[in-house]
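Here is my note on the model you sent round. Please read it with the structure open.

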Amino acid sequence: STSTMPVITNSKLDKNTVFFRFAHEGNVLEKIEFYGKEIAVGDLRHTIAEKKSLPKVDLQIINEATGEVYARDGYLLQRNVIVTVRRTPIQTQKKPAVLNIEGTDAWNKVPKAKPAAPKKEELPIPPEKKAPCPPEYLCPLCTGIFESPSIARCCGRSACKQCFEEKSRGSCPLCTRQLTDDNTSIPNPRLADIIASLNLDFFELPAITVQRQKAAAAAAA
């Protein structure tokens with residue numbers, strides 16, 4: 001009889017996740033799964049580049065919570081970490097060839113253009129008909145505009161911090177997975193910055209957001 005060698009496979013228990021988003025895509029969060037408790041920055045960059053069909057040399061990996069730029073490919077990232085990916089293509093700048101006329105540099109004699117006078121900043125005029133608020137700015141739990149947004153590490157989705165606290169009864173209110181110390185919600189500073197930069201005069205605000213604004217104004221009076 002012939003004996004066969006046991007096949008060693010990766011255990012599902014060892015499968016973990018890191019989350020990433022491209023800086024230009026707002027709150028579109030994606031995930032990369034890997035085996036083990038850590039993944040090297042170089043491996044993560046290579047995997048993202050393959051998934052997105054991009055040259056990996058163009059990708060810069062940044063810790064979303066701290067803003068730290070990971071410069072070393074060998075740096076190990078812990079599971080469930082959220083990173084921002086920026087594209088930084090290598091650019092080369094060529095100077096124009098020097099044109100010599102009778103031993104002098106002709107470019108030095110070309111008159112330089114005067115800098116244009118700075119334009120006065122004009123404030124945008126809100127439209128007469130407001131547009132519905134885009135759904136990516138709305139909390140899926142209260143349907144209002146995000147307030148102090150947090151992100152669930154178990155599924156990568158965001159909601160208001162207060163909504164997570166009120167509706168998390170041992171499980172994630174967005175995906176119903178059981179909550180543990182490793183997948184509780186954490187602040188989403190990237191989304192918070194996007195919400196803070198919105199000009200709300202251009203949108204029809206959800207009723208819950210209007211109620212919150214009135215309550216805040218009454219409290220401040």
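The points below cover the salt bridges, a strand pairing and the nonpolar cores.

1. Status of the model. This is a predicted model. Please read every distance and accessibility below as computed from it.

2. Salt bridges overall. The structure holds eight salt bridges. As background, side chains of opposite charge can pair when their charged atoms come close. I take up three of the pairs in turn.

3. Arg 21 and Glu 64. Start with Arg 21, which sits in strand β1 (residues 15–22). Is Arg 21 buried or exposed? Its relative accessible area is 1%, and the cut-off for buried is under 20%, so Arg 21 is buried. Glu 64 is buried too. The two form a salt bridge, with the closest N and O atoms 2.7 Å apart. Their side chains also register as a polar contact, at 2.7 Å. This pair links distant parts of the chain: Glu 64 lies in the loop between β4 and β5 (76–78), Arg 21 in strand β1, and 43 residues separate them.

4. Glu 30 and Lys 52. The side chains of Glu 30 and Lys 52 meet in a salt bridge of 2.7 Å, N to O. Here too the link is between distant parts of the chain. Glu 30 belongs to strand β2 and Lys 52 to helix α1 (residues 41–52), 22 residues apart. Why do the two fall into separate burial classes? Glu 30 has 18% relative accessibility and so counts as buried. Lys 52 has 29%, so Lys 52 counts as partly exposed.

5. Glu 33 and Lys 15. Glu 33 and Lys 15 join their side chains in a salt bridge at 3.2 Å, N to O. Glu 33 is in strand β2 (residues 30–35) and Lys 15 in strand β1, 18 residues apart, so distant parts of the chain are linked. Glu 33 counts as partly exposed, at 44% relative accessibility. Lys 15 is also partly exposed, at 38%. There is a network to check here as well: salt bridges link Lys 15, Lys 31 and Glu 33.

6. Strand β4. How many residues of strand β4 are buried? Four of its five residues (59–63) are, which leaves the strand mostly covered. β4 pairs with strand β6 (residues 82–87) in the antiparallel sense, over five bridges. To find the register, look at Leu 59, which stands opposite Arg 87 in β6.

7. The largest nonpolar core. This core has 20 residues. Which of them touch the most other members? They are Tyr 137, Cys 139, Leu 141, Ala 159, Cys 163, Leu 174 and Ile 195. The elements that give two or more residues are β11 (158–160), α2 (161–167) and α3 (189–196). α3 gives the most, with three residues.

8. A second core. Apart from the largest core lies another, of 17 residues. Its members include Val 18, Ile 48, Leu 77 and Val 81. For context, nonpolar side chains tend to be buried together in soluble globular proteins.

9. Leu 141 close up. Neighbours within four places in sequence are set aside here. Leu 141 is then in contact with Ala 159, Cys 163, Phe 164, Lys 167, Pro 173 and Leu 174. Of the residues named in point 7, Ala 159, Cys 163 and Leu 174 appear in this list.

Key: Residues numbered from 1 in each chain as written. Predicted model: local features only at pLDDT ≥ 70, side-chain atom pairs only at ≥ 80, totals over all residues. Heavy atoms only, no water. Buried < 20%, exposed > 50% of the residue type's maximum accessible area, 1.4 Å probe, protein only. Pairing = 2+ DSSP bridges. Polar contact = N/O pair within 3.5 Å; in protein donor to acceptor, adjacent residues only side chain to side chain. Core = buried A, V, L, I, M, F, W, Y, C linked by side-chain atoms within 4.5 Å. Contact = heavy atoms within 4.5 Å. Salt bridge = Lys/Arg side-chain N within 4 Å of Asp/Glu carboxyl O.
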